[in-house]
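Here's a walk through one protein fold, from the overall layout down to single side-chain pairs. Have the viewer open as you read.

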Amino acid sequence: MALNELNYLPIEKLCLALVFSIQKLKHYFQAHVILLVSRANPIKFVMSKLVLNDRLARWYLQFPQFEIVYIPQKAIKGQVLADFLADHPIPDDWDLIDELPNQDRMVIEVQPP
């Protein structure tokens, strides 16, 4: 990371990461819809600026070329578990076992002081 990049705001660092990803993986960005999962939307940040400096203007020109869909990070966490359970249903004939093997090994005795 360059010295002047250390002074970027966290949202600007996120934008910079997206720009680097676009530059390195351009062929993937052109061929697919990209799902951007993060806490903040860097594309909205850049496009909402009233005055763009040189750096933000260059970033602004790179983002609209590709189909990038922003997904809030909080929304994806619970959805992963729901998707996993939907993809791996429990069979109807599967019996739940209430007893644990080797129950004696799991007993904890509390000694008085």
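Five helices and two strands make up the secondary structure of this protein, and keep in mind that the model is predicted. Going along the sequence, the elements come in the order α-α-β-α-α-β-α. Of the 113 residues, 20% are buried. The accessible surface is about 9700 Å², with 58% of that belonging to carbon and sulfur atoms. If you look at contacts between residues at least 6 apart in sequence, 70% of them join residues at least 24 apart.

**The core**

In soluble globular proteins, nonpolar side chains tend to be buried together. Here the largest nonpolar core has 18 residues. Leu18, Ile22, Phe29, Val46, Trp59, Phe63 and Ile68 are the ones with the most contacts inside it. Which elements give two or more residues to this core? They are α1 (10–24), β1 (34–38), α3 (42–48) and α4. Helix α1 supplies the largest share, six residues.

Two of those core residues are worth a click. Start with Val46: leaving out residues up to four places away in sequence, Val46 touches Cys15, Leu52, Leu56, Trp59, Tyr60 and Phe63. Then take Trp59, which sits in helix α4. Trp59 counts as buried because its relative accessible area is 5%, and the cut-off for buried is under 20%. Beyond its neighbours within four places in sequence, Trp59 is in contact with Tyr8, Glu12, Cys15, Leu16, Val19 and Val46. As a distance to check in your viewer, the C-alpha atoms of Trp59 and Pro42 are 9.9 Å apart in space, with the two positions 17 residues apart in sequence numbering.

**Ring against ring**

A pair of aromatic rings is described by the distance of the centres and the angle of the planes. There are two aromatic pairs in this model. Tyr8 and Trp59 form an edge-to-face pair, 6.2 Å centre to centre with 75° between the planes. Tyr8 is in the segment before α1 and Trp59 is in helix α4, so this pair links distant parts of the chain, 51 residues apart. Both Tyr8 and Trp59 are buried.

The other pair, Phe29 with Phe66, is edge-to-face too, at 5.7 Å between centres and 70° between planes. Phe29 belongs to helix α2 (residues 26–31) and Phe66 to the loop between α4 and β2 (68–72), so the pair ties together parts that are 37 residues apart in sequence. Are these two rings buried or exposed? Phe29 is buried, at 7% relative accessible area, and Phe66 counts as buried at 9%.

**Charged pairs**

The structure holds two salt bridges, laid out here:

| Salt bridge | N to O distance |
|---|---|
| Glu12 and Arg55 | 3.2 Å |
| Arg58 and Asp54 | 3.4 Å |

In the Glu12 and Arg55 bridge, Glu12 is in helix α1 and Arg55 in helix α4, so the pair ties together parts that are 43 residues apart in sequence. Glu12 has 10% relative accessibility, which puts this charged side chain in the buried class. Glu12 is also one of the contacts of Trp59.

The Arg58 and Asp54 bridge stays within one element: both residues lie in helix α4, four residues apart, about one turn of the helix. Arg58 is partly exposed at 47% relative accessibility, while Asp54 is exposed at 56%.

**A buried serine**

Ser38 is part of strand β1. What is its relative accessible area? The value for Ser38 is 7%, so Ser38 is buried. Setting aside residues up to four places away in sequence, Ser38 touches Leu14, Tyr70, Ile71, Pro72 and Gln73.

**Nonpolar, but on the outside**

Finally, turn to the surface. Met47, Leu52, Tyr60 and Leu61 form a nonpolar patch there, with about 360 Å² of accessible area together. Leu61 is in helix α4 (residues 54–62) and counts as exposed, because its relative accessibility is 59% and the cut-off for exposed is over 50%. Two members of the patch, Leu52 and Tyr60, are also among the residues that Val46 touches.

Notes:
Residues are numbered from 1 along each chain as its sequence is written. This is a predicted model: local features need pLDDT of at least 70, side-chain atom pairs count only at pLDDT 80 or more; totals for chains, interfaces and linings use all residues. Side-chain values use heavy atoms; hydrogens and water are left out. Patches are made of residues with over 30% relative accessible area and no salt bridge: like charges are joined within 9 Å, nonpolar side chains (Val, Leu, Ile, Met, Phe, Trp, Tyr) within 5 Å. Accessible areas come from the Shrake-Rupley method with a 1.4 Å probe; for residues, only the protein chains shown count as cover. A salt bridge is a side-chain nitrogen of Lys or Arg within 4 Å of a carboxyl oxygen of Asp or Glu. Buried means under 20% relative accessible area, exposed over 50%, partly exposed in between (1.4 Å probe, protein chains only). A nonpolar core is a set of buried Ala, Val, Leu, Ile, Met, Phe, Trp, Tyr and Cys residues joined through side-chain atoms within 4.5 Å. Contact means heavy atoms within 4.5 Å. Rings of Phe, Tyr and Trp (its six-membered ring) pair if their centres lie within 6.5 Å; planes under 30 degrees apart count as stacked, over 60 as edge-to-face and the rest as tilted.
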